[in-house]
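Reader: Hey, got a minute to walk me through this one? I'd like to start with the strands and then get to how the copies are arranged.

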There are 2 protein chains.
Amino acid sequence: MNKEETRKLIISKLKKLGEELNRKIEAEQSPSITMPTRTLSNAYFDPKDRLIKLGDKTQTRNFFNVGQSKKFMQTSLVAAEIKKLLEQKQPSLSTRQLYYILKHSIEGTKENTFDDQATESDPVIEDIEVTIDALRENLGLEATPSGVISGELIYDDLKTGDTINCSKMGSAGAAIPPNTEPSSIKFKTCKAKYILVVEKFAVWNLLNQSKFWKKNNCILMTGKGQASRSDRRLVARLNKEFKIPVYVFADMDPYGYYIYSVYKQGSINLAFFSEKAGCPDAKYIGLKVDDIKKFGIKKSNFIKLNDLDLKRIKEIRNYDWFKGKEWQKELKALKDFGYKVESDALVSKSIQFTAEEYLPKLIKAKDFLP
Amino acid sequence: MNKEETRKLIISKLKKLGEELNRKIEAEQSPSITMPTRTLSNAYFDPKDRLIKLGDKTQTRNFFNVGQSKKFMQTSLVAAEIKKLLEQKQPSLSTRQLYYILKHSIEGTKENTFDDQATESDPVIEDIEVTIDALRENLGLEATPSGVISGELIYDDLKTGDTINCSKMGSAGAAIPPNTEPSSIKFKTCKAKYILVVEKFAVWNLLNQSKFWKKNNCILMTGKGQASRSDRRLVARLNKEFKIPVYVFADMDPYGYYIYSVYKQGSINLAFFSEKAGCPDAKYIGLKVDDIKKFGIKKSNFIKLNDLDLKRIKEIRNYDWFKGKEWQKELKALKDFGYKVESDALVSKSIQFTAEEYLPKLIKAKDFLP
């Protein structure tokens with residue numbers, strides 16, 4: 001769907017929501033909005049699709065209910081403002097900017113529409129996303145992106161009319177835009193055979209300098225740690241639209257594993273987004289405990305697991321999406337090994353080791369964790 | 001100086017450092033290295049150049065001194081490794097990767113060369129920077145960049161051979177590369193009349209979507225909060241080489257002021273870098289306390305100053321580079337006003353207010369803080 005069609009579709013969905021309320025008011029019924037519940041207890045891991053999803057519990061917000069009327073008012077305000085901004089074809093905003101637009105004292109009272117962004121307006125925005133089944137980027141609300149990308153990918157930026165060739169972006173790579181939805185970014189060509197997602201910028205930088213993406217015909221991306229929304233959607237879209245596999249190169253520690261899992265099946269707190277941004281077939285190509293011996297990683301590169309690491313390992317072992325036997329085995333092996341190893345440490349083998357030996361060997365042998 | 005000349009110059013400086021040590025050993029003297037002291041007490045604000053600088057105190061590290069011999073060994077190791085990597089024309093690394101390369105047990109002992117990056121190898125890298133008067137980027141050590149830039153600027157990326165046109169980078173803008181030294185980035189053309197540095201990505205995004213840089217013939221940059229090294233050097237180089245002014249659009253709070261001051265005169269803990277990355281003529285174009293009334297910013301956009309804010313205001317008032325009467329007046333006014341206002345909040349006036357009224361008015365009237 002193109003930009004204009006998306007805009008019109010969202011407006012019509014929001015309009016329908018408002019008309020529904022009007023109808024109830026005219027019929028002298030209590031106006032109410034029913035929407036999927038976004039509580040953690042309504043998020044679950046779907047073992048068939050291998051994605052974190054939102055369950056089918058719903059909640060209703062009634063205007064004539066003391067406990068619900070403020071939230072009802074806030075939901076109506078946010079929906080109406082988003083509709084107005086889309087109708088006016090305004091530029092996209094951050095959720096903080098929307099909060100500032102909507103925050104004011106209610107006439108004749110000392111009551112504010114909103115007093116806090118994180119606990120009031122942001123949750124309402126997420127409510128509207130799930131109610132009308134649309135990502136916030138399509139509602140004109142964008143988050144700060146963090147990632148960069150290089151490789152044989154060309155896309156049209158529908159917002160500006162520019163064509164971006166990710167193989168000609170120099171030592172910086174192409175910045176990932178704040179909105180990577182099909183209504184904003186249209187892929188033209190992608191010659192890559194796979195996507196290598198690198199946790200850390202320093203590792204990406206090393207691979208980019210040696211033109212790893214060119215020699216290995218891949219797309220080389222980093223989210224600089226935990227990826228932002230548009231980074232994840234970009235990877236998921238490339239994975240889906242070009243049917244190319246995703247390999248995630250993260251640290252051998254519970255944080256690296258978790259970053260990998262977010263690219264793969266998403267996260268519980270953003271379950272609705274995870275359904276659309278996950279890559280259920282992604283593989284982990286970071287170090288495994290077995291690799292330490294196999295590749296002769298020296299002890300001076302080990303970092304002792306601390307209490308926080310051990311606690312995190314325990315937590316991760318209990319996540320449904322880490323319940324497969326390979327990951328259970330790996331998590332136990334890490335705990336028994338007692339040390340974590342960062343992906344940066346591979347340079348101590350040799351500066352070319354990551355690009356010329358480690359990654360090609362593992363990819364050729366399909367030596368991944370699922 | 002081009003890439004190759006820079007590389008050779010650094011190698012020759014490091015070689016000279018080693019030869020000096022050799023000479024002392026052959027003359028049966030204690031080998032020692034003398035370098036500028038990087039302690040906070042040796043950093044100062046130079047009111048003439050209006051930059052934070054490193055003073056002229058020096059320190060000497062002797063091999064035959066129990067308290068200095070480990071640091072001496074570490075300094076020699078880092079210098080030798082950097083020289084080797086440059087001679088081999090290796091890709092640039094992060095300081096963490098260099099740490100991993102150098103960390104090992106000393107033969108026949110249980111002693112490690114390095115046990116910690118932040119307190120051991122990073123300070124030694126900074127020592128070498130000041131000793132041979134070269135930024136670490138030219139030593140082949142790059143940091144993670146954070147910023148993006150758009151506008152009528154074209155540069156050659158000397159590392160990859162690509163030409164980057166910052167006016168054709170779509171809604172993402174051009175990612176700022178990890179190395180923006182003249183040996184890595186060569187400016188071709190810059191048609192802009194000034195550089196607008198925006199603290200927050202959301203504000204940059206709004207201005208970029210309305211092509212503010214095109215309508216106002218400027219360069220539009222954000223460091224996404226506190227800027228990284230290469231972001232700052234890029235701004236400083238544009239400022240110097242094209243003789244165009246720098247306006248910093250930050251929040252009306254002590255953190256925004258401080259971010260501005262780092263672009264302008266640098267910071268105490270990186271005094272050596274600050275001399276090369278500062279823009280002493282930069283101006284603050286964020287909200288001033290007077291503007292609140294002038295532009296009718298509504299009270300719902302104010303955020304009460306908390307204890308931390310008040311403490312930070314007090315600290316900033318005592319910094320030498322905030323001692324000018326305009327800033328002293330402004331800091332007092334903020335404290336008396338009792339509220340901070342974020343740059344994001346301007347959207348509540350209207351979405352176009354920042355781009356079409358606030359910024360053009362202030363720039364036309366030269367209504368800045370120094």
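**Strands and symmetry**

Author: Sure. Leu196(A) sits opposite Leu220(A), a residue of strand 11 of chain A. It's a predicted model, so local features need pLDDT of at least 70, side-chain atom pairs count only at pLDDT 80 or more, and totals for chains, interfaces and linings use all residues. Residues are numbered from 1 along each chain as its sequence is written, while chains are lettered from A and ligands numbered from 1 in the order in which they are written.

Reader: In what sense do strand 10 and strand 11 of chain A pair, and over how many bridges?

Author: Parallel, over five bridges, with strand 11 covering residues 218-222. Strands here are DSSP runs (E, at least two residues), numbered from the N terminus, and two of them pair if DSSP finds at least two bridges between them.

Reader: What is the bridge partner of Ile195(A) in strand 12 of chain A?

Author: That's Val246(A). Strand 12 (residues 246-249) of chain A runs parallel to strand 10 of chain A, and four bridges join them.

Reader: How many residues of strand 10 of chain A are buried?

Author: Five of its five, residues 194-198. Buried means 20 or more other C-beta atoms within 10 Å of the residue's own, with C-beta atoms placed from the backbone. Tyr194(A), Leu196(A) and Val198(A) cover one side, Ile195(A) and Val197(A) the other.

Reader: Switching topic: what turn lays chain B on chain A?

Author: A turn of 180°, with a shift of 0.0 Å along the axis and an RMSD of 0.0 Å. The two copies are thus related as by a two-fold rotation axis. The superposition is by least squares on C-alpha atoms of residues with pLDDT of at least 70 in both copies.

Reader: Which residue of chain B comes closest to the rotation axis?

Author: Ala175(B), its C-alpha at 2.4 Å.

Definitions and conventions. Buried ≥ 20, exposed ≤ 12 C-beta atoms within 10 Å, placed from the backbone.
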